[in-house]
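Hi,

Here is the structure I said I would pass along. Have a look at it first, and then read my notes below.

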Amino acid sequence: MTTMGTKETQETTTLQIEQIIRRNILSLKPYSCAREEFSGQDVTLLDANENPYDTGYNRYPDPYQQELKQSLARLKGVKTEQMVLGNGSDELIDMLIRTTCEPNRDNIIVFSPSYSMYEVSGHINAVEVRSLKLGTDFMPPWEQLFHAVDARTRAIFFCTPNNPTGNRWPLEKIREVADRFEGLVIVDEAYMDFVQGGESAVSLLQEFPRVVVLQTLSKAWGLAGLRIGICMGNPILVNYLNRVKPPYNIGGLTQRTALNALEDTTAFYERVAEIVSERKTLYEAFGKMTLFTKVYPSEANFLLLCTPQYKEVYDYLVAHDIVVRIRHLPPLIEGGLRITVGTPKENVHLLELLANYTRT
Ligand SMILES: Cc1ncc(COP(=O)(O)O)c(C=O)c1O
């Protein structure tokens with residue numbers, strides 16, 4: 001490609017992205033953190049109104065979490081400038097809507113049932129939420145989707161593997177949507193690490209500047225308490241998200257703890273393998289229980305099952321100190337319970353309790 005070609009491509013990309021950024025964000029003069037322009041060491045820091053006495057935490061953390069991003073970028077096969085980190089992906093979902101959607105004017109498309117925060121964040125931001133029902137195969141209605149899109153549609157939220165159904169949505173289909181749709185295609189891959197042998201939507205980022213992939217350290221990495229969500233996308237879009245992001249959205253202790261945890265990839269792979277293996281054990285065991293009318297296969301760390309006695313089973317488990325999630329979402333999911341895969345010991349206990357329930 002010639003230099004001119006590259007420049008033209010860059011200009012087209014900028015245009016494609018700027019089309020979907022809110023006007024006030026396009027013209028926003030963002031908050032500039034103290035020390036942003038400065039990277040020296042061994043200096044006297046009198047610029048940020050911090051307390052000078054060392055408590056371990058008296059300094060503000062790196063607002064762009066560069067060290068943590070370097071580690072994550074290596075892991076995910078992207079560049080640090082393609083990344084925004086959030087206080088959990090929940091913060092990123094809100095930031096994506098806030099950066100692109102004009103309140104009381106624009107709309108987003110979500111699927112139902114799926115992760116409900118897309119809808120909640122849409123409503124918080126006074127954005128119309130167009131919710132399309134999944135088919136009986138738990139797949140989005142791929143063609144109908146385009147009937148719901150209009151000039152005010154800013155984003156479509158895909159969740160794969162989907163919560164609570166546990167199935168994956170074909171990347172090829174999402175790719176086709178990215179090819180046709182002129183807004184943001186958000187692919188939430190919170191459970192992607194539990195998928196065996198699947199390709200991530202990260203592979204679409206190079207080709208489609210309006211595709212964004214969300215991942216999180218809350219699930220497979222076992223760091224839900226830290227609150228770290230990862231948004232990967234085009235650097236131009238990332239730049240706009242950084243303007244909207246609260247300056248110090250991830251604390252210093254959190255950044256350091258996550259950095260250390262990411263080093264232990266052996267423990268990570270072991271835990272994921274165990275959860276995947278336990279998922280299979282639970283799936284087979286639930287499948288043999290006459291109590292459940294349906295047990296759906298799952299590529300995530302939970303299973304969705306149905307029973308007409310879902311309320312009684314729920315209460316019975318609570319009475320035995322086990323909490324699961326009711327997902328009775330008729331007509332698609334009748335009497336659904338979503339059960340997270342626990343440790344082998346927890347799973348054995350759960351299966352014993354359910355066997356006893358059936359007997360009584
Ligand atoms: C699909 C999906 N996305 C995002 C989240 C939230 O992730 P985080 O803990 O990073 O905010 C969840 C949590 O259950 C989820 O199921």
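**Asn163 and the ligand**

I'll start with a side-chain pair: Asn163 and Arg338 make a polar contact of 2.8 Å through their side chains. Keep in mind throughout that this is a predicted model.

Asn163 sits in the loop between β4 and α7. Is Asn163 buried or exposed? With a relative accessibility of 6%, Asn163 falls under the 20% cut-off, so Asn163 counts as buried. Asn163 also turns up at the ligand, where one of its polar side-chain atoms is 2.8 Å from a ligand oxygen atom.

Two other residues have polar atoms by ligand oxygens. From Thr216, a polar side-chain atom lies 2.6 Å from an oxygen atom of the ligand. With Asp90 the backbone is involved: a backbone N or O atom lies 3.1 Å from an oxygen atom of the ligand. How much of the ligand does the protein cover? On its own the ligand has 400 Å² of accessible area, and the protein covers 92% of that.

There are 14 residues around the ligand, and those that come nearest are Ser89, Asp188, Tyr191, Thr216 and Ser218. By type, the shell splits into five nonpolar, five polar and four charged residues.

**The sheet**

Next, the strands. The model has an open sheet of seven strands with mixed pairing, and the order is β1-β7-β6-β5-β4-β2-β3. Which strands are at the edges? They are β1 (83-86) and β3, each of which pairs on one side only. From one strand to the next, the twist averages 20°.

One pairing to look at is β4 with β5 (residues 184-188), which is parallel and runs over five bridges. Within that pairing, Ala155 stands opposite Leu184 of β5. There is a link back to the ligand here too: β5 spans residues 184-188, and Asp188 is one of the residues that come nearest to the ligand.

**Backbone details in the loops**

Two peptide bonds are cis, both leading into a proline. One joins Ser112 and Pro113, with omega at about 0°. Pro113 belongs to the loop between β2 (107-112) and α5 (117-124). The other runs from Thr160 to Pro161, and its omega is near -5°. Pro161 lies in the loop between β4 (153-159) and α7 (171-180), which is also where Asn163 is found.

Then there are two residues other than glycine with positive phi. For Gln65, phi is near 50°, and its place is in the loop between α2 (23-26) and α3 (66-76). For Ala126, phi is near 55°, and this one is in the loop between α5 and β3 (128-133).

How do Gln65 and Ala126 compare in accessibility? Gln65 has 1% relative accessibility, and because that is under 20%, Gln65 counts as buried. Ala126 has 31%, which lies between the 20% and 50% cut-offs, so Ala126 counts as partly exposed.

If you open just one region, I'd pick the loop between β4 and α7. That loop holds Pro161 with its cis peptide bond from Thr160, and also Asn163, whose side chain has polar contacts with Arg338 and with an oxygen atom of the ligand.

Cheers

Technical notes
Residues numbered from 1 in each chain as written. Predicted model: local features only at pLDDT ≥ 70, side-chain atom pairs only at ≥ 80, totals over all residues. Heavy atoms only, no water. Near = heavy atom within 4 Å. Polar contact = N/O pair within 3.5 Å; in protein donor to acceptor, adjacent residues only side chain to side chain. Areas by Shrake-Rupley, 256 points an atom, 1.4 Å probe, with all protein chains shown as cover. Nonpolar A, V, L, I, M, F, W, Y, C, P; charged D, E, K, R; others polar. Helix = DSSP H or I, 4+ residues; strand = E, 2+ residues; numbered from the N terminus. Buried < 20%, exposed > 50% of the residue type's maximum accessible area, 1.4 Å probe, protein only. Pairing = 2+ DSSP bridges. Axes fitted to C-alpha atoms, helices over the stretch in contact; angles between N-to-C directions.
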